[in-house]
Amino acid sequence: MKRVLVDMDGVLADVYRQFLDFEFRETGVRRDPAVTFGLSEPEAFPFYEKHVRMPGFFRTAPVMQGSVAGLEYLNGRYEVVILSSATEFPQSLSEKAFWLNEHFPFIDWRQMVFCGRKDVVRGDIMIDDHPKNLRSFPGEKIVFTQPHNAGLALPDCIRVSAWDEIVRML
């Protein structure tokens, strides 16, 4: 059975919506998501560092549309491993585990890998929104479109913009 590595932030969790909501709470200004295109998250969101270190940021992130049904579909056909960078922001370790348990109860704790570097985990297919994580991956690469990667040419990746595209493909 093929192993599919699935990122959390920007693939399962709608962290852009979370950032926009937190920035609105901070400033009272509702930003147009289009102004974040082509910018890294720290560039796009002035309070990025404050928010990712804030208790509850990762625990309360909205679920990406279609991700629950899509991941459940993959989980029935592949060896799914949730692979998330979580050691840079220590509170995110437990918050991400609680979040997965709440929204994806069919994912077992043995399917969760929280790490600092994704290149140490092996798989056949990787779904991620950050090209830096896909660059060194030797298998099939699927980049999930997010504002920070929307303008990048990634010729060795299959680009998707929604979970229904992943389901049709896999």
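**A friendly note on rings, a buried loop residue and two pockets**

1. Let's start with a charge and a ring: R30 sits over the face of F24, 4.2 Å from the ring centre. R25 and F22 make a similar kind of match, with R25 lying over the face of F22 at 4.5 Å from the ring centre. Please keep in mind as you read on that this is a predicted model.

2. Next, the rings themselves. How many aromatic pairs does a search of the whole structure find? The count is nine. One of them joins F19 and Y48, a tilted pair with 5.4 Å from centre to centre and 35° between the planes. This pair links distant parts of the chain, since F19 belongs to helix 1 (residues 15–27) and Y48 to helix 3 (residues 48–52), 29 residues apart.

3. Are F19 and Y48 buried or exposed? F19 has a relative accessible area of 2%, so it counts as buried. Y48 is buried too, because its relative accessible area is 12% and the cut-off for buried is under 20%.

4. A second pair to look at is W99 with F104, also tilted: the centres are 5.5 Å apart and the planes meet at 45°. W99 is buried, with a relative accessible area of 0%, and F104 counts as buried at 0% as well.

5. F19 and Y48 also belong to a wider group. Together with Y16, F22, F45, F57, F58 and F89, they form one aromatic cluster. You have already met F22 in this note, as the ring under R25.

6. Now for a loop residue. N149 lies between strand 5 (140–144) and strand 6 (158–160). Although N149 is in a loop, it counts as buried because its relative accessibility is 0%. Leaving aside residues up to four places away in sequence, N149 touches D129, P131, V143, F144 and R159.

7. The largest pocket holds about 550 Å³ of space. Its lining has 29 residues, and those nearest the centre are E41, Y48, S85, H130 and K132. Helix 1, helix 2 (41–44), helix 3, strand 2 (79–85) and helix 6 (131–135) each give two or more residues to this lining. By class, there are eleven nonpolar, nine polar and nine charged residues.

8. The second largest pocket has about 210 Å³ of space. Of its 13 lining residues, M64, Q65, F144, S161 and A162 are closest to the centre. F144 is also among the contacts of N149. Helix 7 (residues 163–169) gives the largest share of the lining, three residues. The classes here are five nonpolar, six polar and two charged.

Technical notes
Residues are numbered from 1 along each chain as its sequence is written. This is a predicted model: local features need pLDDT of at least 70, side-chain atom pairs count only at pLDDT 80 or more; totals for chains, interfaces and linings use all residues. Side-chain values use heavy atoms; hydrogens and water are left out. Helices (H or I, at least four residues) and strands (E, at least two) are DSSP runs, numbered from the N terminus. Buried means under 20% relative accessible area, exposed over 50%, partly exposed in between (1.4 Å probe, protein chains only). Contact means heavy atoms within 4.5 Å. Rings of Phe, Tyr and Trp (its six-membered ring) pair if their centres lie within 6.5 Å; planes under 30 degrees apart count as stacked, over 60 as edge-to-face and the rest as tilted. A charge sits over a ring if NZ of Lys or CZ of Arg is within 6 Å of the ring centre and within 35 degrees of the ring normal. On a 1 Å grid over the protein atoms alone, a cavity is a set of points where a 1.4 Å probe fits but cannot get out, and a pocket is an open set with protein on both sides within 12 Å along at least five of seven lines; lining residues have an atom within 4 Å of a point. Grid points are joined across faces, edges and corners, and a volume is the space filled by probe spheres set on the points. Ala, Val, Leu, Ile, Met, Phe, Trp, Tyr, Cys and Pro count as nonpolar, Asp, Glu, Lys and Arg as charged, and the others, Gly among them, as polar.
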